[in-house]
Each structure stands twice: as structure tokens, then as C-alpha cells.
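Please read the notes below with the structure open beside you. They deal with charged side chains and how they pair.

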Amino acid sequence: MRTLAWLLPLLSLSLPCWAQDYGPLVVKAQSPLQAQNYTPMLRSGEVLETGTVEWLVNGTIASVWAETPDYVMDYYHNEVNVGVRFAPIERWEFELNYQYRFAANNGLDSVTEKFHDFFGLGQNGRDDVPKHRFYIEAPGVLLEDFKGETLNNAISGYAGYQLYRDGPQALSAGIGLFYNYVASGPFEVSSFEQVLQLNYRYDAGGNHGFYATVGTAHSSNAETSGGLELSDWAWMLAGSYQYRFNPRHSLLLEYHAYSGETKEVDELDEISHEFLLGYRYHLTRGAIEFTMIENVFNMDNSTDIAFSLGYRHRL
């Protein structure tokens, strides 16, 4: 009986964090053109329980390197996201998010080279140019020394509706609106974009969870802020596996695929592939997430490497 008396308080502390299902990682697209525009995000097929409020904040640092006969991209981008999700009525959830992305030296060139060497990956020409550059060259575009410039200054809203939920399975649909306004500088832009997506969740019981999203995005802007003409429509497909190996700790492995954003340059019109490895530490009312994002397959259409750190809290 004395043992149970000690265990019960500990169980009462651990059960709330175990019961909270935070779903996939909260990480936006990091590939250069996809990051500049509005892309669907991987979300759980289960919307928040009625009356729940979740706020989040995260930061991401990334290193972009791409070199082809048609274009060169070599720069850092950094991103801050602040958002809130809430479920005021049954079967519905809503989200508001603010994103600020800017060019600044985060020192990832050295980390990237060491990472590629460790895993036996080629440098793809990165080691032949000076480190810590801010340089973009493409057909009709030449941007140099744009350190400190704003890349995105955007606000977005999302509404999700629970289509189906029965036992371990859940399906939801969502629509999002996005407005990006950069007042001046080489990345000056004013664009209004929309997304439509379908989200699925399967809880395998015990320690395993699966999530998937398929979505499409539409842009009203004819060209990206760098000057390349954008495609009117783009698509996204993503999946996530979560393993909860004890009440406090989870590992997540995700794959995100994004269609090319422009038909002006062949490589940039190819699919962008991002693999994410994430760690989540569960608190009683919140979760800390650390994520590493690495591009694969097409080395000239996505960010070399990125790291994200975030916190989510539920009321």
C-alpha cells in the first residue's frame, strides 16, 4: 500500500502528457521556392477537442545550396513562427499564424559540410566557393549580399473540419489563406495564396501513430519575389510515423514531397523531397520539439539542411 501511495502521484503527473496527441511536427516547407510561398502542412486527421486552445512558437535555421548550369543559390534563411489553434465548436478547429523569414548568417555552411562528410555525401560544389555567401543567380535574376533582408512577412489562417473519426482512424479536411507582404528590398512582394488539404490519422495503439496529408496550393501572384514566374498550382504529399517510447519522449520520422514551383527552370520544376527527424519531449501541458530537415534525391531544388526548435502548449 505504501508503494501505491508513492506511485499514484507520479502516475497523475505522467498520464496527462501521455494522453496528449500533438500529431506531426510543426515545420513548414524549407525548400527555397516552397518556403517563400504557401504550401500545405502535414497535419493530424483529428482536430482538437472542443474547447482546447494550443499556442506555439518555433524557430528554424536553414542553409540553401544549389548549383546548376541555369542557376546558383547560396544563402542562409531563418524563420520565426508564432501561432494559436483553437476549437470553439464541435468538429471544427481554427488556426492563426504569423511567419517572419529573413536572411542572416547562421553559420550552417561548416555544419553542412561536416554532416555530408560524416554520412559520405558529396558536397555538390559547396566546398569550391566562399562560405557564408548571400547569392542568387537565375535567368533574369542576380541578387548579391542580401544579408539582413526580409524574405517573408506573412500571416495565415486555417480552418479544419472533422469528416470522420472512429476508433483509431480520423479524417479531416482544411482550407487555408495566406498573405505575404514585404514592403521593400530585393524580395519585395505582395501575394495572396490559398491551400486545400486532406489529413489522415491512424493510432496503432500503444506506442505507434501514423499521419498523412495530401494538399494543393494556389497562388494569385504571377512571380516570386526573386523574379521567377510561378506556377499557378502546386501540390504536396507527406507522411509521418511517431514512436512514443515512454510517457515523456517521442521520435518522429517524416517525409514531405512538394511539386516544383516554376516552369522557367527545369530543376526548380522537379519534386522537392524533405526528410525530417524529430524528437518531442512531453510536458504535462506542453511539448518541446527539435527537428532536423535534410533534402534527398534532388539536391538542386531544396534546402541542404535545416534545424528547428519549437514549443507547443495546450490549455
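**Notes on the salt bridges**

1. In this predicted model, Arg-165 and Glu-46 form a salt bridge in which the closest N and O atoms are 3.2 Å apart. The pair links distant parts of the chain, since Arg-165 belongs to strand 6 (residues 150–166) while Glu-46 sits in the loop between helix 2 (32–36) and strand 1 (53–67), 119 residues apart. Arg-165 has a relative accessibility of 42% and therefore counts as partly exposed.

2. Glu-46 also meets the side chain of Arg-201 in a salt bridge, with 2.2 Å from N to O. Because Arg-201 lies in strand 8 (residues 189–205) and Glu-46 in the loop between helix 2 and strand 1, this pair ties together parts that are 155 residues apart in sequence. Are Arg-201 and Glu-46 buried or exposed? Both of these residues are buried.

3. A further salt bridge joins Arg-312 to Glu-289, and here the closest N and O atoms are 2.8 Å apart. Arg-312 is found in strand 14 (residues 305–314) and Glu-289 in strand 13 (residues 286–296), so that the pair, 23 residues apart, links distant parts of the chain. Both Arg-312 and Glu-289 are buried.

4. Which residues are linked with Arg-312 and Glu-289 in a network of salt bridges? The network also takes in Glu-54, Arg-85, Glu-93, Arg-280 and Arg-314.

5. As general background, side chains of opposite charge can pair when their charged atoms come close. Over the whole structure, a search finds twelve salt bridges, including the one between Arg-165 and Glu-46.

Notes. Residues numbered from 1 in each chain as written. Predicted model: local features only at pLDDT ≥ 70, side-chain atom pairs only at ≥ 80, totals over all residues. Heavy atoms only, no water. Salt bridge = Lys/Arg side-chain N within 4 Å of Asp/Glu carboxyl O. Helix = DSSP H or I, 4+ residues; strand = E, 2+ residues; numbered from the N terminus. Buried < 20%, exposed > 50% of the residue type's maximum accessible area, 1.4 Å probe, protein only.
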